[in-house]
Every structure is written in C-alpha cells, then in structure tokens.
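Colleague: I would like to go through this model with you, part by part. Could we begin with the overall layout?

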Amino acid sequence: MAKVLMKGNEAIGEAAVLAGCRYYFGYPITPQSELPAYLARRLPEVDGVFVQAESEVAAINMVYGAGSAGARVMTSSSSPGISLKQEGISYIAGAEVPCLIVNVMRGGPGLGNIAPAQSDYWQATRGGGHGDYRTIVLAPNSVQEMADMTIAGFEFADRFRNPVLLLSDGVLGQMMEPVNLPEPRDYDVNSKKWALGYKGSDKTERNLCSSIFLDQDELEEHNWHLYQKYQVVTDLFSKGEFKDFAVEEHLCDDAEIILVGYGIISRILKTVVEKCRKRGIKAGMVRPKVLWPFPTGVFERLAKTASQFLVVEMSCGQMVEDVKLSVDGKKPVFFFGRTGGTVPSDFEILNEVDKLVRPD
Amino acid sequence: MSSKVERIILAGFGGQGVLFLGKVIAETGMHAGKFVSWIPSYGPEMRGGTANCSVILSENEIASPMVTVPDTVIAMNRPSVTKFNQKIKAGGMLMYNSSLIERQEFRDDIRLVEIPANEIAEELGNPKVANLVMAGAYSKFSKLITFDDLVACLPNLVKGAKKEMLDINLAAFKKGFDFVEEKKYMFGRYVYSVFKGI
C-alpha cells in the first residue's frame, strides 16, 4: 500500500480498524479528538460500533463490557480524561480483560492546558488506579509508530489478557507524517475461551469476567496470579521475545554521555546527538519504546561504558526515577525538563549537554 | 538554503488556509519521494486569531520534526511577521503576503519575497486561493519540490473536487510561480535600502 500523509490520531484510528477493532467508546477532549472523529466515520463502514459516551467513566466501562465479550475494543482520551477512566482500568486489569487505551498527553495537573506534555508517566507505569496491577505501556515516537504500536498493543493485550496503554502526546497526535499502513488482519470475536458468550464445539461456555473476590484467600491468590503474569511479561520484554521491540539505542557503543527520552523527545534527542557528534562530543541516545515493563537491562549495561546519563522529559522528572533505579547509582543521572506544554528545543538540550561535558 | 532539508513555518489568520498550505507542501514532498513532517499549532485560538504550522521537507529521515529556526517563513498576515521574523535562519527567506503586509524595516540578512497573494487570488476570481499562490511561489525557490510536483500532487489533496475548483487551484499555483519567475519580488538588501532612503 502506498504511503499516506496522516495525523498521528488518525493513524491510530485506521490501525485499530486494520487490527480488527470494531468497537470504540470515548468522549472528546483535545488534543486527541481527531481519533474519535475518525472512528465515528470509519467504524460504521466496517460494521463496527462507535459510541460517544456520556462521560469518560461510562466509556471505559463500555470497553470493559465489550472486552469481556471477546471483542477487540479501544478507548482514548487525554490526561484529565484518562484520570477519570482509572477506576475502570483497575477493574479491567483485575478482571484480566484485554483492551487498548490511548492517552494523548496534555499539560497537567488538573485542567492544565491542551498543549503537549509527558507528565502522566507515573500514572501510566504504576498502574494508575487502585490495587496491585500493571498495564503494558507503549510509547511511539512517530506517526508510523502510532499505527504500528496500536496493532502491537491489541496483540499484547490479547496475549496477556491485560489492558495496554498507548502513551502519546499532543505533538504526536496532531502531527502529520507519511505512514505505511499494514494489511488488515482477521480477528475472530469467538477466539477467546474465557470470554463471555464464547461458543465451544457444541455449547456456549458459562464464563464470568469479574474483579470481585470477597474471600481474602481467593483475592490473595488472584493478586499473586496477576503478579506472576507481570513477571512473565517483564521477562519477555527484558530478555525474551520482545527484547528488541522494547528499546531503541542510537550511537551508544562509544558514548560518554547517554541521552534518555521517550516519545517526541527522542526525536529531538536524535538531532541533539547529531549536533553533539559534530562538535566532538561522544553522545548517544536510549529510547524506551516500552515504558512498562521498563527496559532496565540496557541501562545496567551502559552504566558500565558511559560516564553519565541525561534524562529529558516534558515533565518535572518522572521517568528519570526509573533510569536511576536501573543505573543503580553506578553513574550520575541528570535531568532536564520543560513542562506546562513547552517542548524543549534541541538548542536548550544541547546547552545542558555542554554544561555536563564541559563543566568549566 | 541547504539542499538536504527545508524547514518552513507557515502562518496567518485562521481562515487563510495556512494549515492547508502546509499540507499541500508536505504532501507534495511526500509524493516527490522526500521525507516530510507537518505540525500544526493547536492552541486555544479565538476566531480571527492566528494559526501556524511547521513543515519539514528532507532528503534524509527527519529526526526532530520541531522547527525552532526556520529556513523559510511564509507569512500571510502582519502578526505572523512580528512573531516569526526574528526566528528565521540568517540567509533564510521571508515570503510574505504583500496584500496585507506593508513594506517595512525587515532584517537585511534574509531574502525577502513579497507576493501580493490576495490581489492575485482576487484576479483569479476566488480570494480563498491566496494560500495556493504562495505554494506556487515557494516551489520556485525550493530545492526539494518543483512546480510540476505540486501540479501532480493536487488531485490527491482536493479529492472529489469539481473540475473548476481544480482549475483555479492550478491557476493559483501558476500565478504564484510566474510572479517569482518574472522577478517581481525584491531582495533583502534592496528593500532595506528603499526603506532607509539610501
């Protein structure tokens, strides 16, 4: 298929359809509204269902329902709307229902503003709602990856029976870039044995999707079961099948300073690395593409060869904590951030690098 | 202007079609086999407020899609000149809509191209195509997209449009391109001298 010039938000919508998603429930909020707008037009063309719910809370619970019935289903919102959805996400994680949740981050806390930000990292990677649970968090950095990771997100969700969060931001949602759309995939709603209404060979199974375990022992057993699952997921992303999917390294082998950033920041860091190299500064970049499970291994390894790390985020410093945990005190980890909707320029980041490598 | 990459900021009033103008340039670049990116401003704007977008055309993969120092600013109204004039790279270009922006003391280290886009569009019978006049003019300077690329790409941009709409868009491209070709624009030093009364 030829390349198409699309907005990031629209690319997610089209990729979802190609992945076999036929159900979308959401509520509009800038800067992600192009996504529900796209699906409102597109889903009816493929006999899908689009519902603009009465609220974010209603939307996430509709996702819970459709996901429990075995459908590929998604919702999307931006920061304040994702906060509203947290209760539902916790229930979905507890009941082990696969679904895709898209967060096109904007400035917070509170109502904040509608400009791009990355200040929902903690919320995304620590569960977000109540209870001991995790969501797999994917962080695209281009419109192409908005599409690719949407498809990957549905696959991960189904495979691990777990909600997957696509963590994007206002720039990626709004920007247009050429996209190669993949071939559509067939998805059979009747493919999950645990799902409500699953039809076995001769009868419909009596299944139940729930996060309620009134008996203490049962709940403890369930929580340890979830924990085990998260361990399996962590292993697959850190040293197993998805090791290479989880992280991108750029010119790290001989790097003295490693710049770390995810999402749109990683694009800017790539430019900074180029400029550093031209000036004779041995800089490299690490970009976590999966934020939970966090790719700790790459930092453990680079802590042996590099002399320092600089984490750059559009927040007051959230992912930097995971980088520090991974580097484990072996090398200094510095932070530079802009917040409130400002995207740092390559010049300001370069200035920070200069201060670190040439302290005089 | 570097031959490898062109960073452009396009700005004007809401309704002047600057976001579409950016899309025309980006989509043309894509069809011409270049790497492209397009980022709009999407702040809480009021009616009649300003809009802008950043476009990059490149022979190589685009690392940062953010444009902080543009090679070219295409300004459709006066506030856009005020906002972006100082950001243009030395040796870069300010292409401005002289129908709405009077000649003034611009920087003298950039190339100035004045295009009476509204007047040209009105001559064509549709003031809405002023943005496409600018696209035609830009293609004269670009090293990454040509006038022919613009023409070839147009059907992708105005899908399902009536033939007369397609024709007027093509005419707008042509008028803008010809205006530059006939060197009716002025270069920086010259405008500067005129202003200074030298």
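Modeller: Certainly. Please keep in mind that this is a predicted model. Chain A is divided into domain 1, residues 4-179, and domain 2, residues 248-357.

Colleague: How many Å separate the centres of domain 1 and domain 2 of chain A?

Modeller: The centres, taken over C-alpha atoms, are separated by 27 Å. Between the two, 23 residues of domain 1 of chain A are in contact with 20 residues of domain 2 of chain A.

Colleague: Which elements give two or more residues to the side of domain 1 of chain A that touches domain 2 of chain A?

Modeller: They are α5 (121-125), β6 (136-138), β7 (163-169) and α7 of chain A. Of these, α5(A) gives the most, with four residues. By class, this side of domain 1 has 13 nonpolar, eight polar and two charged residues.

Colleague: Now the other chain. How many residues of chain A are in contact with chain B?

Modeller: On the chain A side there are 19 residues, in contact with 16 residues of chain B. The elements of chain A that give two or more residues to that side are α7 (170-174), β8 (176-179), α9 (264-278) and α12 (346-357). The largest share, five residues, comes from α9(A).

Colleague: And what is the side of chain A that touches chain B like by class?

Modeller: That side has 10 nonpolar, three polar and six charged residues.

Colleague: Let us turn to the sheet in chain A. In what order do the strands come?

Modeller: Seven strands form an open sheet in the order β3-β2-β4-β5-β7-β6-β12, with mixed pairing. The edge strands are β3 (49-52) and β12 (290-292) of chain A, each of which pairs on one side only. On average, neighbouring strands of this sheet are turned by 20° against each other, direction ignored.

Colleague: In what sense do β6(A) and β12(A) pair?

Modeller: They pair in the antiparallel sense, over two bridges. A:V137 has A:W292 in β12(A) as its bridge partner.

Colleague: Which strands does helix α6 of chain A lie across?

Modeller: Helix α6, residues 143-160, lies across β5 (99-105), β6 and β7 of chain A, and runs at about 160° to β7(A).

Colleague: Next, the backbone. Where are cis peptide bonds found?

Modeller: One joins A:T30 and A:P31, with omega about 5°. A:P31 has its place in the loop between β2 (23-26) and α2 (34-45) of chain A. Another joins A:W292 and A:P293, with omega about 0°. A:P293 lies in the loop between β12 and α10 (296-305) of chain A.

Colleague: What about A:R161 and A:D328: what is phi there?

Modeller: Phi is positive in both, although neither is a glycine: near 45° for A:R161 and about 55° for A:D328. A:R161 is in the loop between α6 and β7 of chain A, while A:D328 is in the loop between α11 (319-327) and β14 (333-337) of chain A.

Colleague: Why does A:D328 count as exposed?

Modeller: Because A:D328 has 12 C-beta neighbours inside 10 Å. A:R161, with 18 such neighbours, counts as partly exposed.

Colleague: Finally, chain B. Is helix α4(B) largely enclosed or exposed?

Modeller: Since 10 of its 12 residues are buried, α4(B) is largely enclosed by the rest of the structure. Among the buried residues are B:L132, B:V133, B:M134 and B:Y138.

Colleague: What span should helix α4 of chain B have?

Modeller: At 1.5 Å a residue, its 12 residues, 130-141, should span 16 Å; the end C-alpha atoms are 18 Å apart, which agrees.

Key. Residues numbered from 1 in each chain as written. Chains lettered and ligands numbered in written order. Predicted model: local features only at pLDDT ≥ 70, side-chain atom pairs only at ≥ 80, totals over all residues. Contact = placed C-beta atoms within 7 Å. Nonpolar A, V, L, I, M, F, W, Y, C, P; charged D, E, K, R; others polar. Domains from an automatic or database assignment. Expected span 1.5 Å × (residues − 1). Buried ≥ 20, exposed ≤ 12 C-beta atoms within 10 Å, placed from the backbone. Pairing = 2+ DSSP bridges. Axes fitted to C-alpha atoms, helices over the stretch in contact; angles between N-to-C directions.
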